[in-house]
Amino acid sequence: MPTYDERLRELEQQLRNDDPAFAEAMSGGTPRPPREYRRRPAWLWISVGLAVLGAGIAAGDGFLIAAGLVVSGAAAHLFDPQRGRLHGRNIPGSPR
C-alpha cells in the first residue's frame, strides 16, 4: 500500500504529465487556470463562426450562412469543461 507521500508524488507527476504549463505555474506561485477552463480557443472559433454567419447574411449566400452556423455550433461545445469525460479523462471536480 503506497504511503500518503508516495501518492502525492504520483499525483504531482501525473499533473506534470497532463498539463505542464499549469504545474509550472503552480510551482512558481502564479496560479493559472487548468486547461479545462481556458476558453480562448472557444471564443476565437465562436467569433470566426459568427463573422462568417454575418458575412453570409450580408451577402445572401446560403453556403456562408450554413458554414457560420456549423462553426458556431461546433465552437459552443468547447465551452463545456466536462467534455474530456467522454474520452476517459478524469476532470477534477466533476461527478464520477
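**One salt bridge and four helices**

Going by a side-chain nitrogen of Lys or Arg within 4 Å of a carboxyl oxygen of Asp or Glu, the count in this predicted model comes to 1 salt bridge. The partners are R16 and E12, whose closest N and O atoms sit 3.5 Å apart. Both belong to helix α1, and because they are 4 residues apart there, about one helical turn separates R16 from E12. Neither end of the pair is hidden away: R16 has a relative accessibility of 31% and so counts as partly exposed, and E12, at 41%, also falls in the partly exposed class.

As for the overall fold, the protein chain has 4 helices and 0 strands, so the pattern along the sequence reads simply α-α-α-α. The mean pLDDT of the chain is 80, with 74% of residues reaching 70 or more. Confidence varies from element to element: helix α4 (residues 62-76) has the highest mean, 93, while helix α2 (residues 20-28) has the lowest, 77. Where pLDDT is low, the predicted coordinates should not be read in detail.

Not much of the chain is tucked inside, at least by the numbers: buried residues account for 16% of the 96 residues. The accessible surface of the chain comes to about 7300 Å², and carbon and sulfur atoms supply 62% of that area. Of the contacts with a separation of 6 or more, 29% link residues that are 24 or more positions apart.

Part of that surface is a nonpolar patch made up of Y4, L8 and L11, which together offer about 330 Å² of accessible area. L11 is carried by helix α1 (residues 4-18). With 51% relative accessibility, L11 is classed as exposed, because the cut-off for that class is over 50%.

S72, in helix α4, tells a contrasting story. At 11% relative accessibility S72 counts as buried, since anything under 20% falls in that class. Leaving aside residues up to four places away in sequence, S72 touches I46, G49 and L50. With L50 there is a polar approach as well: a polar atom of the S72 side chain lies 3.4 Å from the backbone nitrogen of L50.

A67 is another residue of helix α4. A67 has a relative accessible area of 24%, so it is partly exposed. The C-alpha atom of A67 is 7.1 Å from that of L53, and the two residues are 14 apart along the chain.

R40 brings in helix α3 (residues 40-59), where this residue is found. R40 is exposed, with a relative accessible area of 72%. R40 and L78 are 38 residues apart along the chain, yet their C-alpha atoms are separated by 9.6 Å.

Put side by side, the residues picked out here cover each of the accessibility classes. S72 is buried, A67 is partly exposed, and R40 is exposed. On helix α1, the partly exposed R16 forms its salt bridge with E12, while the exposed L11 belongs to the nonpolar patch with Y4 and L8.

Methods: Residues are numbered from 1 along each chain as its sequence is written. Side-chain values use heavy atoms; hydrogens and water are left out. pLDDT is the predictor's confidence in each residue, from 0 to 100. Helices (H or I, at least four residues) and strands (E, at least two) are DSSP runs, numbered from the N terminus. Patches are made of residues with over 30% relative accessible area and no salt bridge: like charges are joined within 9 Å, nonpolar side chains (Val, Leu, Ile, Met, Phe, Trp, Tyr) within 5 Å. Accessible areas come from the Shrake-Rupley method with a 1.4 Å probe; for residues, only the protein chains shown count as cover. Buried means under 20% relative accessible area, exposed over 50%, partly exposed in between (1.4 Å probe, protein chains only). Contact means heavy atoms within 4.5 Å. A polar contact is a pair of N or O atoms within 3.5 Å; within protein, one must be able to donate a hydrogen and the other to accept it, and residues adjacent in sequence count only if both atoms are side-chain atoms.
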